[in-house]
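Visitor: Please take me through one part of this model in detail. I would like to see how a sheet and its neighbouring helices are put together.

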Amino acid sequence: MTGAFLAAGAVFHAGLVGYGYVATGSVCPVCWKFAAMGVLLAVFYLISPDKQPGRMVYVSAGPARALAVVVLALLIVNPGTEPVVALPATAAVAAGVESHSDSIKKAGPDPVEKAASYKLRVSTPDGEETYLDLREKPALFFAAWCPHCPEALKDAARLLPGKRPYLIVTYLREEGDIGKAKAKLAENGLTGEPYYLVQSPPEGVQGVPSLVWWDGGEVKHVEGAALIKKELGVPELLGYAEIPNPPDGGGKNAALAAALINGKIIQPGEVYSFNRAVGPRTVSRGFVEGRSVVETVYGPKLVPDVGGGVCRASTALYLAVLDAGLEVVERHGHSMPVSYAEPGKDAAVAWPYWDFRFRNTAGKLLVIKTRSDYGRLRVELWAFQ
């Protein structure tokens, strides 16, 4: 029974060491010493030629029981571990970091990161600790007081939601920094985006904004908004157009059509159809009565029509396509001048006959972004890496 107890203890401790390495990427120096002690005790007992009960109490069984008591005490107390990496003092001075109060230190842990480790230990705004995997995506470090961070945050907001980096607030100076950081995210287009807290970035990072990622078995980083933008592959604005859109029935239809094409993704080489994206212009789909150009025996005339005014959205898209230098596949002009575009620069559409179509010849994935407010309609074409 004593031999089985000792062997089981050695296996148990070895298992703890292995689990700790898988979970944290490092070996606990205390755990492996206990594991080695358990192995030695088991080996000593098994090779001992004279297993006298009295002698074994002092030589093997006694230390084994003491070891069990120590392990139980450690499980109850559960002491924390010191971070393997912290920002060097010289780097903190260079970044202009002041001393932190105890309450601020509790707001975010230092990242538990070792050389060649892809895990970052952070905390949520609610104080719950978690780990971020740098193999999945990079981490963007920013500070609430940083004057250069908004530029990097705006670039992160331009990425597709699934392509955005982890957002980590660091260098906390005072109690209100967490709230200021949340407000900074909202101001730069990242409302509702999850964010995390950490006392300081990994070793070697000396300022914010900074981007940290895992590549080739090691942690790499860049600092400054320009380098971060290049590394993230932030989308490029290829073309845009803005036209007047008064708040009449036609304006409501144009705004609805613009909302229907907003966020549409166009693959390289794909032909995009405005009619297919917007669909039928019916009352059940939210379209109202506007005015459309109709050919009559007396010439072109404006007449009431459900969905009238949608051509403003197609015209704005056409102008953005021209600005981006993309190939126009199908385009029709109105038979009379329109107030929102110069002659020859409009794009008339009529479901299901007249369409506006263009081909994505940019060689990159395109995303359409639209905005309709203050009597203006804006269409943008963004190219993503």
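Guide: What follows goes from the sheet to the helix packed on it, and then to a second helix. Keep in mind that this is a predicted model.

Start with the sheet. It is open and has three strands, in the order 10-14-13. The pairing is antiparallel. Strand 10 (271-273) and strand 13 (327-330) are the edge strands, and each pairs on one side only. From one strand to the next, the twist averages 30 degrees.

Now look at one pairing. Strand 10 runs antiparallel to strand 14 (residues 357-359), and three bridges join them. Here Tyr272 stands opposite Phe358 of strand 14.

Next comes the helix on the sheet. Helix 11 (residues 311-324) packs there and touches strand 10, strand 13 and strand 14. The direction of helix 11 makes about 145 degrees with that of strand 13.

Helix 11 also meets helix 9 (residues 249-261). Their axes come within 7 Å and cross at roughly 50 degrees. Angles from 35 to 65 degrees fall between roughly parallel and roughly perpendicular, so helix 9 and helix 11 are oblique to each other.

Which residues make this contact? Helix 9 brings Gly250, Gly251, Ala254, Ala257, Ala258 and Ile261. Helix 11 brings Arg312, Ala313 and Leu317. Sorted by class, the contact has six nonpolar residues, two polar and one charged. Gly counts as polar here, which places Gly250 and Gly251 in the polar class. Arg312 falls in the charged class.

Methods. Residues are numbered from 1 along each chain as its sequence is written. This is a predicted model: local features need pLDDT of at least 70, side-chain atom pairs count only at pLDDT 80 or more; totals for chains, interfaces and linings use all residues. Side-chain values use heavy atoms; hydrogens and water are left out. Two strands pair if DSSP finds at least two bridges between them. Helices (H or I, at least four residues) and strands (E, at least two) are DSSP runs, numbered from the N terminus. Axes are lines fitted to C-alpha atoms, for helices over the stretch in contact, and angles run from 0 to 180 degrees between N-to-C directions. Contact means heavy atoms within 4.5 Å. Angles under 35 degrees count as roughly parallel, over 145 as roughly antiparallel, 65 to 115 as roughly perpendicular and the rest as oblique.
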